[in-house]
Amino acid sequence: MPTVTRLRPFTATIFAEMSALAVTHDAVNLGQGFPDTDGPTSMLAAACAAINGGDNQYPPGIGVPRLRRAVAEHQRAHYGLDYDPDTEVLITVGATEAIAGAIVGLTEPGAEVIMVEPYYDSYAATVAMAGGVRRTVPLRPDGDGFRLDRDALAAAFTPRTALVLVNSPHNPTGTVLHDDDLAEIARLCLEHDVVAVTDEVYEHLVFDGRTHTPLATLPGMRERTLRISSAAKTFNCTGWKVGWLSGPAELVAAARAVKQFMTYVGSGPFQPAVAHALESEMDWVAGSAQSLQAKRDLLSAALSDAGFGVHRSEATYFVCADPRPLGITDGEAFCRSLPERIGVAAVPVSVFADDKEPWRHMVRFAFSKRDEVIAEAAQRLRRL
């Protein structure tokens, strides 16, 4: 039987395609956003202890109690957000499942989901799974960075709006939304009685003295926000797939109704290890953010030396570059040729947008790699 119509655009991902090209051509993979070093040693040891200690069967459907408590305490300590770990925290199979659970659980067929463009690719696929309609709000150039188009944001809210999906720190651009942008999102949610789902997986990986502000901390928003994060980016364990969402019990219950029939549970022995990391390894996370800032500078300088226009990256693993100074205007064609041409893989930003034209030239590079890997990529990029 053929794939249903609404999911046909999502049968393959750009990450799989670029990673396959990287393998074929022995290229430095700066396309897919994963680190090439492990997280804190004590977290790895805790996972081994959990496996050897017999924590290998189904964990509780809502997550291991210790991890739910650690997630709640982490948010209380860092943001002053108070969540009941038994009713307002749900452990998921990565942030991707948390996003899917939230969108499918809260979106009726035909209802609209507002998202910032460019967007992480799973957002559009999940809206399609729910039978929803996506409405995109663009980021606009702002000097060497990007800024939310607040007029377009206000115009996107309609009587059919089910929720607004907010990603900050933002993938793929590395933008951290300004406080006044968050205030406007909150104002519109309150005015239109709309729920917010916030993807904050890069919450601790912000640079140059910036701080991350969860939308749920704004007045009136704790009661209408599902906040999502994960261990993957915070603790360099993308393969463990341990995520979580938190918010009012009724919103968490909507996501749980979806989650329990998607995976039911996952990552049993890794959940206590992540709890340990949240409890005792946040100094490691601070050091990781400092290291990533240096890697961002290293790769940005290499791209500039190679002739790219380089955009400001305020957070995340990613920097966006403009190859038009090199005479290149088609980012997708450029990225597909790059692994064979010089042995570097990157991702075109246009695949993350409905309105592709403003992003057609843009290319995203990941700097979450060892310094020697970035140095090798830099040497290869100079061949351009």
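Here are some short exercises on the structure above, each with a worked solution.

This is a predicted model, in which local features need pLDDT of at least 70, side-chain atom pairs count only at pLDDT 80 or more, and totals for chains, interfaces and linings use all residues. Residues are numbered from 1 along each chain as its sequence is written, and side-chain values use heavy atoms, with hydrogens and water left out.

**Exercise 1. Describe how α3 and α10 pack.**

Let us start with the tools. Two packed helices are described by the angle between their axes and the distance between the axes. Axes are lines fitted to C-alpha atoms, for helices over the stretch in contact, and angles run from 0 to 180 degrees between N-to-C directions. Helices (H or I, at least four residues) and strands (E, at least two) are DSSP runs, numbered from the N terminus.

- Step 1: α3 covers residues 65-79 and α10 covers residues 270-280; their angle is about 25 degrees and their axes lie 8 Å apart.
- Step 2: α3 and α10 are therefore roughly parallel, a label for angles under 35 degrees (over 145 is roughly antiparallel, 65 to 115 roughly perpendicular, and the rest oblique).
- Step 3: The crossing of α3 and α10 is left-handed, that is, the near helix is turned anticlockwise from the far one by less than a right angle (clockwise would be right-handed).
- Step 4: On the α3 side, the contact uses Arg66, Leu67, Ala70, Val71 and His74, and on the α10 side Gln271, Pro272, Val274, Ala275, His276, Leu278 and Glu279. Contact means heavy atoms within 4.5 Å.
- Step 5: Sorted by class, these residues are 7 nonpolar, 3 polar and 2 charged. Here Ala, Val, Leu, Ile, Met, Phe, Trp, Tyr, Cys and Pro count as nonpolar, Asp, Glu, Lys and Arg as charged, and the others, Gly among them, as polar.

**Exercise 2. Which residues of α10 are buried, and what covers them?**

- Step 1: Apply the cut-offs: buried is under 20% relative accessible area, exposed over 50%, and partly exposed in between (1.4 Å probe, protein chains only).
- Step 2: The buried residues in α10 are Gln271, Pro272, Ala273, Val274, Ala275, Ala277 and Leu278.
- Step 3: Their cover includes helices α2 (41-52), α3, α8 (231-234) and α11, together with strands β2 (89-92) and β9 (243-246).

**Exercise 3. Work through two further helix pairs.**

- Step 1: α1 (residues 14-24) and α12 (residues 331-342) pack at about 25 degrees, with axes 8 Å apart, which makes them roughly parallel.
- Step 2: Ile14, Glu17, Met18, Leu21 and Ala22 of α1 meet Cys335, Arg336 and Pro339 of α12. This contact has 6 nonpolar, no polar and 2 charged residues.
- Step 3: α11 and α13 (residues 371-381) pack at about 5 degrees, with axes 9 Å apart, so they too count as roughly parallel.
- Step 4: From α11, Lys295, Leu298, Leu299, Ala302, Leu303 and Ala306 meet Asp371, Ile374, Ala378 and Leu381 of α13. The classes here are 8 nonpolar, no polar and 2 charged.

**Exercise 4. How many disulfides does the whole structure hold?**

- Step 1: A disulfide is taken as a pair of cysteine sulfur atoms within 2.5 Å.
- Step 2: The search of the whole structure finds 0.
- Step 3: Take Cys237 as a check: the nearest cysteine sulfur belongs to Cys48 and is 13 Å away.
- Step 4: Cys237 is buried because its relative accessibility is 6%; Cys189, at 0%, is buried as well.
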